[in-house]
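Okay, thanks for coming, everyone. I'd like to walk you through a few helix contacts and one glycine today, so let me put the structure up.

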Amino acid sequence: MWLYCVLNAESTHSCNESNYAILIDICRGEGTEGYSESLRQLEFTSAFRAEIRDYLTTTHEDTTSLDTYIDNIQFHFQDALTYHGPIYEDINNDNDTANDEFDGAEPIPRAQVSAYESAMQYVTISMPSSNIIPDRTLSEIYKATIERCSLIRTSFQIVASGESYEQIATKALDDNSFNDIMKGGRNDDLTWSIRLRRYGPMQMVENKSNSKRSQRQARYGKNVRSPLRDERKAILEMKELVQTFAGKVDLTDPQCRIYLLEGLRHCNLLSGDKDDKLLARVVAKGPKTSIYRPNTRICVTTTPLCPIASFTLCNIAQIQRRGNCTILDPFAGSCATLLAAAHITTPTTSSISDASTTQQSSQKGCQSVAIEIAHNGYVNRDDIIKDFETRSLPPPVDIIRGDCTSSEIRHQARLAIGGGAFDFIVTDPPYGIREAMSSGEESNNLDVGDTETISPLTQLFYAMGQDISISTPLLKQGGRLVAFIPVQKGQSLEDCLPDSNARDAAHLVMEGEGKEQVLR
């Protein structure tokens with residue numbers, strides 16, 4: 001498995017809360033069970049905090065209490081899905097253990113039930129009581145958060161809930177939830193669509209193979225569609241609301257996507273006990289990470305980091321979009337991580353509107369530096385640059401060939417950003433074929449024992465300690481280092497982390513307990 005490890009460079013530095021919003025996130029994953037629930041939640045909460053910090057540091061002169069404010073933001077997650085289909089107990093899919101009552105339905109192993117139910121969740125965000133962020137700006141911050149989170153596919157904002165479509169339409173009108181797309185609203189020219197999606201109990205569907213009607217559980221992660229006749233009927237019941245929309249209907253690519261959601265668990269923060277129908281608007285979609293897949297890259301290596309992992313690393317690091325932050329990847333490979341960082345920090349139409357025009361126009365993405373020990377025959381630097389330029393992203397300011405444990409190489413990296421320390425270090429350290437890396441001359445002078453038996457990340461930590469001892473730190477005070485730590489079955493994170501001596505040498509402290517992701 002992988003474990004994401006977050007470490008902070010040591011630095012020196014009670015409020016009431018009020019709910020901001022009630023939302024639903026649909027999270028994407030890979031393979032059978034996808035990315036772990038805790039990892040998806042960590043990416044979201046980290047990215048949201050980064051966006052809050054980004055906004056406040058560019059709009060408020062006094063940032064002395066900024067860390068306290070951000071630390072007091074609280075997030076609450078609640079599963080929205082309930083699995084009602086057949087299950088089996090063992091991995092061999094023995095049909096004798098499947099539930100006979102679900103004729104024609106495909107069973108899933110019991111271990112996957114919790115993964116299914118947590119794949120779609122209600123999210124509430126409790127902000128500190130200080131009213132320093134306008135509600136509209138907070139909504140835009142949430143939207144910007146979703147658009148950078150690789151493990152989120154779609155996010156909805158709950159507009160109304162009720163027992164009937166007519167009831168939720170009335171609630172939406174009373175709450176002015178769609179005023180912006182009504183005649184005279186600020187978005188009255190937007191195209192729109194309303195679609196019905198059912199996620200609930202088993203429903204009777206036509207079995208085309210044997211002309212029988214059988215029960216089937218709608219699977220999360222697949223396209224969930226409902227009969228058009230039911231959709232039309234629902235919309236007709238909401239005509240009092242729908243007839244106020246000023247724009248045109250567009251079922252292919254609408255600018256305002258509205259959904260009727262049925263069969264979800266009741267959200268504890270919504271009023272009413274029997275509200276099984278929800279009216280929701282799509283807030284935002286996650287980034288299209290497929291454009292960074294290894295098979296789309298010009299620079300091809302044998303062990304590329306997948307784009308979802310790259311985005312997750314950067315978001316957990318809480319990289320800020322503004323301010324031209326500085327980022328180092330000391331084990332860069334083909335720069336997959338720095339591609340994700342460039343995507344996140346490059347200006348888009350989602351820039352927060354309250355930021356000044358000057359601030360937005362001056363943003364050119366992050367300043368990143370890559371260190372890679374392999375020569376161009378293995379990792380072609382020119383091809384890396386092309387991977388950035390063909391995607392209209394700013395390339396690293398320098399791609400240095402060398403060993404990050406060499407003081408000369410680290411000095412060169414600092415010079416590339418003007419001679420100072422980096423805001424962030426994000427990396428996927430080498431393991432396996434290059435785990436016993438010791439080619440740099442500095443590795444032989446670290447005075448930490450046999451360098452061929454310690455991990456590259458541990459070697460880097462001791463090297464960072466040497467930099468601190470001569471007042472040339474690699475990472476700024478309060479900066480963040482996020483890395484993958486390979487952990488095998490039977491091992492713990494503490495077993496595989498750089499030891500406490502190495503962490504102390506680098507003046508790094510653990511944040512949290514790390515988040516695991518099983519590799520299959």
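Let me start with a question: is the crossing of H8 and H9 right-handed or left-handed? It's right-handed. Keep in mind as we go that this is a predicted model.

So, a bit more on that pair. H9 covers residues 336-345, and its axis is 8 Å from that of H8, at an angle of about 60°. Angles from 35 degrees up to 65 fall in the oblique class, and therefore H8 and H9 are oblique to each other. Who's touching whom? On the H8 side we've got Ser310, Phe311, Leu313, Cys314 and Asn315, and they meet Ala336, Thr337, Ala340, Ala341, His343 and Ile344 of H9. Sort the residues of that contact by type and you get 7 nonpolar, 4 polar and no charged.

Now, H8, residues 307-316, also packs against H1, residues 37-59. Here the axes come within 8 Å and cross at roughly 50°, which makes H1 oblique to H8 as well. The handedness for this pair is left-handed, whereas H8 with H9 was right-handed. H1 brings Leu39, Leu42, Glu43, Ser46 and Ala47 to the contact, and H8 brings Phe311, Thr312, Asn315 and Ile316. That set splits into 5 nonpolar, 3 polar and 1 charged. If you're looking at the H8 side chains, Phe311 and Asn315 turn up in the contact with H1 and also in the one with H9.

Next, H4, residues 135-146. Does the length add up, and what should we expect? With 12 residues at 1.5 Å a residue, H4 should span 16 Å, and its end C-alpha atoms are 17 Å apart, so the two agree. Which residues of H4 are buried? They're Thr137, Leu138, Glu140, Ile141, Tyr142, Ala144, Thr145 and Ile146. Note that Glu140 is on that list. As a reminder, an α-helix has 3.6 residues a turn, so residues three or four places apart point the same way.

Last one, the glycine. Gly162 sits in strand S7, residues 152-162. Its relative accessibility is 0%, so Gly162 counts as buried. What's around Gly162, beyond its neighbours within four places in sequence? Gly162 is in contact with Gln167, Ile168, Lys171, Asp275, Asp276 and Lys277. Take Lys277: Gly162 and Lys277 are 115 residues apart in sequence, yet 5.5 Å apart in space, C-alpha to C-alpha.

That's my tour, happy to spin the model around for anyone.

Key. Residues numbered from 1 in each chain as written. Predicted model: local features only at pLDDT ≥ 70, side-chain atom pairs only at ≥ 80, totals over all residues. Heavy atoms only, no water. Helix = DSSP H or I, 4+ residues; strand = E, 2+ residues; numbered from the N terminus. Expected span 1.5 Å × (residues − 1). Buried < 20%, exposed > 50% of the residue type's maximum accessible area, 1.4 Å probe, protein only. Axes fitted to C-alpha atoms, helices over the stretch in contact; angles between N-to-C directions. Parallel < 35°, antiparallel > 145°, perpendicular 65-115°, else oblique. Left-handed = near helix turned anticlockwise from the far one by under 90°. Contact = heavy atoms within 4.5 Å. Nonpolar A, V, L, I, M, F, W, Y, C, P; charged D, E, K, R; others polar.
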